Structures are given as C-alpha cells and as structure tokens.
Amino acid sequence: MSEMSETGDAGLPEPVQVSAAAGLPEPGKVAAVVEEAFREEWGRVVATLIRLTGDWDLAEECAQDAFARALARWPRDGVPRRPGAWLTTAARNRALDRLRRGTTEAARLRALAATPMGPDAEPAEEYGEEHAEEDRVPDDRLRLMFTCCHPALPLEAQVALTLRTLAGLTTGEIAAAFMVPETTMAQRLVRAKRKIRNAGIPYRVPPAHLLAERTAGVLGVLYVLFTEGYSASGGPSPARPEPAAEAIRLARVLAGLMPHEPEALGLLALMLLQDSRRAARFDEAGDIVTLESQDRTRWDHDEIEEGLRLLDDALTRRRPGPYQVQAAVAACHATALDPDDTDWPQIAGLYAQLARLAPSPVVELNRAVAVAMADGPLAGLRLVDELRAGGALAGHHLLAATRADLLRRLGRTADAAQAYREALALAPTDAERRYLARRIAETGGA
Amino acid sequence: MKYLLLICGDESMEISPEQSDPEPWVEEMERRGVRLQGHRLCPVGDATTVRAGLVTQGPFAETTEQIGGFDIIECADLDEAIEVASKHPMASYGAIEVRPFWPE
C-alpha cells in the first residue's frame, strides 16, 4: 500500500533539530521531547514490533524499553533527527536480544535481523542524513487498529486494547478512564491478547471484501472511546478529557492512513466539532450547561474550522455515511451565531437521513428534538410519545428528560415535573442529576 | 490453524432438506483442502451424558439450540475460518461456533 508509506510521516511534527554536534539539549527539554515522541510514536513502534515478532507482550515491553533508553541517551547524545525511526530500531534490537536469549527458532530471528531498519549498531549512530531512505519503514498502525477492533473480540476489549497498544495508556490509566478495577482491566487485556493468538486473528488490514464492514468496526471503537471521555457516563467528575483526546489523536491517524475513506474524515470532523464545545459544556461548579445557554465565545474555533474543512472534504466524495451526517448536524450547531440562528429544519432533515442510514431509537429521539425546535414542541412531543409507546428507550433518562422539556415548553408544568423526576431517577452522572434537580425546582415540583 | 465448527440449530425447526443440504459445502471445502473431517450427529434425544460418574439421559445442557454436527477445518487464520463457516448452509438457519484447537 504505497499511500501508507507516503502519508507515514505526514502526521508527525518536525522533530526538534538537535544533534550532538550542535550542543547538548537541556535535560528538561529532552524529557518533553521524549514525552511528545511517546504520544506520537508509541503506537507505530508497537505496531511494527508486533509485525516483526508476532508477540504482543514482547512488542510492548521492547517499546517501553526503547523509550526508557531514549530518556537515558538523548540528553547525552542529542535528540535524533527521526525519533520514531530511532525508537523503532532500539525496540527491534531489544527484541532481537530477548529472542536470541530465548528459544526462538532460527528462521524467525533471521527474518527479524534482516528487517531493513538500519545496521545493528546502537540506534543513535544510525540515523544520520545518509539513512534517510530507511525512514520509509511502513506504517503498521492501520493493521494494528484493524486487529484490535476485530469483531471476534468483545467491544470493551477492543476499546481497551486500542488504548493500550495504539495510544500507550497504561493498564491503570485505562482502568481509571473506564472506572473498573485495574485487575479487571489487566485481565481483559490478557484475555484479548490470548484470543488473538489462540483463535488466529490475523494481523493485517482486511482484504477488500471485508474492508467496509471492518472499517465500520474501527470507527465505532474510536467513537466509543471519544464519547466515553466526552460524556463521562457514570463518573463523579464531569469530563475526563484524556480518552477523548486520545480518540481524536487516533481518528487523525486513521484519517491519514485511509485518506480515501470519507467516513474516517467524517468521524474526525464529528469529534472535533463536538470537542470544540468542551470548555463551554460545564460551568465552574461542574454543572451541565445546555447547548442553548453555552457561551459560544468559549467554543474552540480552531477545532470548528478544522472540523468544517474535513467535513467539506468528506462530503465532496459523495459517499455519505452515519459519521458524516452526524458531523453535519454538529456543523449546524457550530456555525450558528446564537441559538436562534440554528438551522433546525436542516438538522431535522439530517436526522431523518441518519435514521435511514443507521436506524436507532436514540437517532429518533434526536430527530424528535430537532422537529420540536423546527415545528414546535407539540410536533416533537408526538414523536417522543411514539418512541415511548415503542418501549425501546424504556429506562433511558434522555427519553424522560426530553419529554419533560417539551412538556415544560407547552406549559404543562405538573406533567413536566413528573417527567423530570422520572429522568432524575434514571440519570447516570452527578452532573446530569444536578441539572434535572434544578429543572424540577424551576417547574415548582421539588 | 485447526478449528472445530460446531453446527448448531433448533432440532424442532422445519428446514427443507434442499435448504440444509451440506453436501455442496463439503465438496467445496474438501476441494479447497480446508475440511479435514466432520459428521452429522443424531438428535439430542439419543445423547447420554456422564457427569461426575453419574449417567443421565439427554445432552449435557438443555438449550434451544443443539449441536447437530461438527467439522474440523484447517485455515490460515480466523478470517478464513469465519468465511468457511458463513458459507455452511446452517449459518443461515442456526449458529456455527468456530472454536480454535488448543495450541500445541
């Protein structure tokens, strides 16, 4: 896949140009460079090492070792021109050492040693200008993404494995992000890796006839990662930015590696447009601020601009999909100067399109909200009551909360207070419960 | 890699013999060199279970879907095994569990 090697370096910032000859960098600065390299290069180093060794645990250990080595060496020798290539070589050499000491068969060792990645010398010496052609190590992150998101793995394992191997989060960090005990998360990762090995889940980008279906799986995992961080469901603190930021980072990598997939662009656009509102979504007390009450000057306009540009790019491919449509909805909000300026008929139309592409009761609920804004609360309430009768969202606080809002706008205060209480009992986060309690107080039903 | 395909279905379900005939699948998979062996099984009413030394009549678990046959296949990886399983006629009417052999 030539497009991958061409885009391989596109997402990386120019490494700090410090060489031993130009004087040694300050230790603090090196630590920052290593940290940056960790975020940018971890996934690529692990992905390449898995391809070379076929051993996921060994790949992670050797990647870790390479970063530790960088912390020790770079202050002394200078930061290499291509930190990623240096790190991959260091990890590969470490893997060779480990395998030589083990009982690995000669054939695999020969293959690993023969990998064109530079001579077997210390990595710091290898990456001079004369080795520029060796920077074309293929980017293995795409195959790692597809393998982590294989449908034979449980969704929660797909998410955890993606965060561990591609984003480099520790087991403890992933456990904290998803609020499960660290031992549970460790076991989840062990089981997933064992299944990849035992069940023979291939380490590759799927062939053409599987690509569309499997790509949808990868996009879905990245979006779960994003929404988990974004809505922080179940958590006491309103938003933990880390998983959302990692999701955006990985979506950016995916869009770079699959430049012809409009849904990958659509997903990145959707994340950026939603994330642009992050600073405005909660007040100082950690309480939810609804979209209509948000201070729009606090929206991140760089993220909005990038999201809009990506969405435009995706839409010109004329292959619409659920993420592009959701990004288009987010774009309607992002471009409205104030709440009254929002193009609700357009949003209602987009949700109707989304309901055709990816039917779900949650989409219908969102459509009902948009219809209520476009055609009045009564039209929205009619759709909400149909959904309620269907029973698919029974027990979902957003159904009750939406119904309550519509009843309030219709002036049916007592009914609204009752529905708010229903929603309050079902709401999963403290911030949502406080919001609903405020509404109950406002409708005089406390 | 070797996989066991457990061909499962509801025994009470009426499926015409033409719809469920596995012969074309068997022929194709043997021609490809994928299928090593396999067989259809008698209904669960004919099963006997030995558990903790006790002999009882019937299958080991009472479920709506029972194992009606098995195949042992040799594939490059799970994706190929999934492709082979999904071509089996019972994949449309019942369920096929794809189980890797314990690694040697």
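**Note on the predicted model**

1. Along residues 118–135 of chain A the pLDDT stays under 50, and for this stretch the model has 27 contacts beyond four places in sequence. The structure is a predicted model, and this is a part of chain A to read with care. Where pLDDT is low, the predicted coordinates should not be read in detail.

2. A second stretch with pLDDT under 50 covers residues 1–22 of chain A, and here the model has 30 contacts beyond four places in sequence. Against these two stretches stands the chain as a whole, since chain A has a mean pLDDT of 85, with 85% of its residues reaching 70 or more.

3. Helix α4 of chain A takes in residues 83–101, and its 19 residues, at 1.5 Å a residue, should span 27 Å, which agrees with the 27 Å that separates its end C-alpha atoms. Of the 19 residues of α4(A), 14 are buried, so the helix is largely enclosed by the rest of the structure.

4. Is A:Gln418, which lies in helix α20 (residues 413–426) of chain A, buried or exposed? A:Gln418 is partly exposed, because 18 other C-beta atoms lie within 10 Å, whereas 20 or more would be needed to call a residue buried. In sequence A:Gln418 is 14 residues apart from A:Ala404, and in space the two are 7.7 Å apart, C-alpha to C-alpha.

5. Where the two chains meet, 8 residues of chain A are in contact with 6 residues of chain B. On the side of chain A that touches chain B, 6 residues are nonpolar and 2 are polar, while no charged residue is found there.

Terms used:
Residues numbered from 1 in each chain as written. Chains lettered and ligands numbered in written order. Predicted model: local features only at pLDDT ≥ 70, side-chain atom pairs only at ≥ 80, totals over all residues. Contact = placed C-beta atoms within 7 Å. Nonpolar A, V, L, I, M, F, W, Y, C, P; charged D, E, K, R; others polar. Helix = DSSP H or I, 4+ residues; strand = E, 2+ residues; numbered from the N terminus. Expected span 1.5 Å × (residues − 1). Buried ≥ 20, exposed ≤ 12 C-beta atoms within 10 Å, placed from the backbone. pLDDT = per-residue confidence, 0-100.
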